[in-house]
Amino acid sequence: MIASVSGVVAAVSPDGAVIEVGGVGLAVHCAPGTIAGLRQGQHARLATSLIVREDSLTLYGFASDDEKHLFELLQTASGVGPRLAQAVLAVHHPDVVRKAIANADTATLTRVPGIGKKGAERLVLELRDRIGPIGVGADGAAGVVGAVWPEQVRQGLVGLGWTAAQADQAVTAVAEKATGDEGVPALLKMAIQLLGRHR
């Protein structure tokens with residue numbers, strides 16, 4: 001089990017990064033919020049979870065151990081694989097997820113692409129007793145994505161090689177088109193598409 005990786009960021013892409021550890025480049029799948037904090041050429045530490053399949057070994061990376069633990073817990077629910085678990089953490093802060101499950105708040109859970117009403121109810125039923133303590137800031141955390149997405153998208157774009165000015169323009173354009181229901185991954189993708197036209 002690879003519990004964490006620490007090394008120089010060799011490359012950053014929209015869905016992950018390559019971290020060089022002891023001369024070996026490890027491809028790590030990350031959510032946009034984690035990618036936003038990475039800079040090519042700089043040192044980084046990511047908590048990681050290795051998913052083993054018959055035909056693949058996939059490493060998922062997280063900015064904190066808390067995100068990693070929740071990622072692994074979510075997958076113990078039936079019907080939740082690593083991609084869906086990562087999507088949950090891309091849309092919501094861990095404390096928001098815990099609070100939603102503890103309070104049977106299916107509306108919050110269904111904001112994640114890929115989770116319908118039945119899926120949200122199943123998460124509540126299967127994880128409510130194992131979700132752990134809810135953070136002190138959870139009450140105000142529901143608006144975390146809405147409040148900080150511009151900075152996360154901006155940092156993600158700069159990390160991918162665009163200038164700060166280009167990133168600012170893209171964030172402004174995305175803000176005009178956004179409906180408020182999109183998660184950070186969808187907003188970052190919109191920004192990349194807009195900038196792709198102007199390269």
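Which residues of helix 9 are buried? The model examined here is a predicted one, so to speak a computed picture, in which local features need pLDDT of at least 70, side-chain atom pairs count only at pLDDT 80 or more, and totals for chains, interfaces and linings use all residues. Residues are numbered from 1 along each chain as its sequence is written, and side-chain values use heavy atoms, with hydrogens and water left out.

The buried residues of helix 9 turn out to be Ala 167, Ala 170, Val 171 and Val 174, where buried means under 20% relative accessible area, exposed over 50% and partly exposed in between, with a 1.4 Å probe and protein chains only. These four sit on the same side of helix 9, because they cover an arc of only 100° around the axis; the arc is taken from the directions from the helix axis to the C-beta atoms. Over on the other side of helix 9, Gln 169 and Glu 176 are exposed. Helices (H or I, at least four residues) and strands (E, at least two) are DSSP runs, numbered from the N terminus.

Moving on to the strands, strand 2 (residues 16–21) pairs with strand 3 (residues 24–30) in the antiparallel sense, over six bridges; pairing takes at least two DSSP bridges between two strands. The two form a hairpin with two residues between them, and Gly 22 in that turn has a positive phi of about 60°. Strand 3 also pairs with strand 5 (residues 56–62), here in the parallel sense and over three bridges. Val 28 of strand 3 ties the picture together: Ala 17 stands opposite Val 28, and in strand 5 the bridge partner of Val 28 is Leu 59.

Then there is the largest pocket, with a volume of about 470 Å³. A pocket is an open set of points on a 1 Å grid over the protein atoms alone, where a 1.4 Å probe fits, with protein on both sides within 12 Å along at least five of seven lines; lining residues have an atom within 4 Å of a point. The volume is the space filled by probe spheres set on the points, which are joined across faces, edges and corners. Of the 19 lining residues, Pro 14, Asp 15, Pro 32, Pro 185 and Lys 189 are the closest to the centre. Strand 3, helix 3 (82–91) and helix 10 (184–197) each supply at least two residues of this lining.
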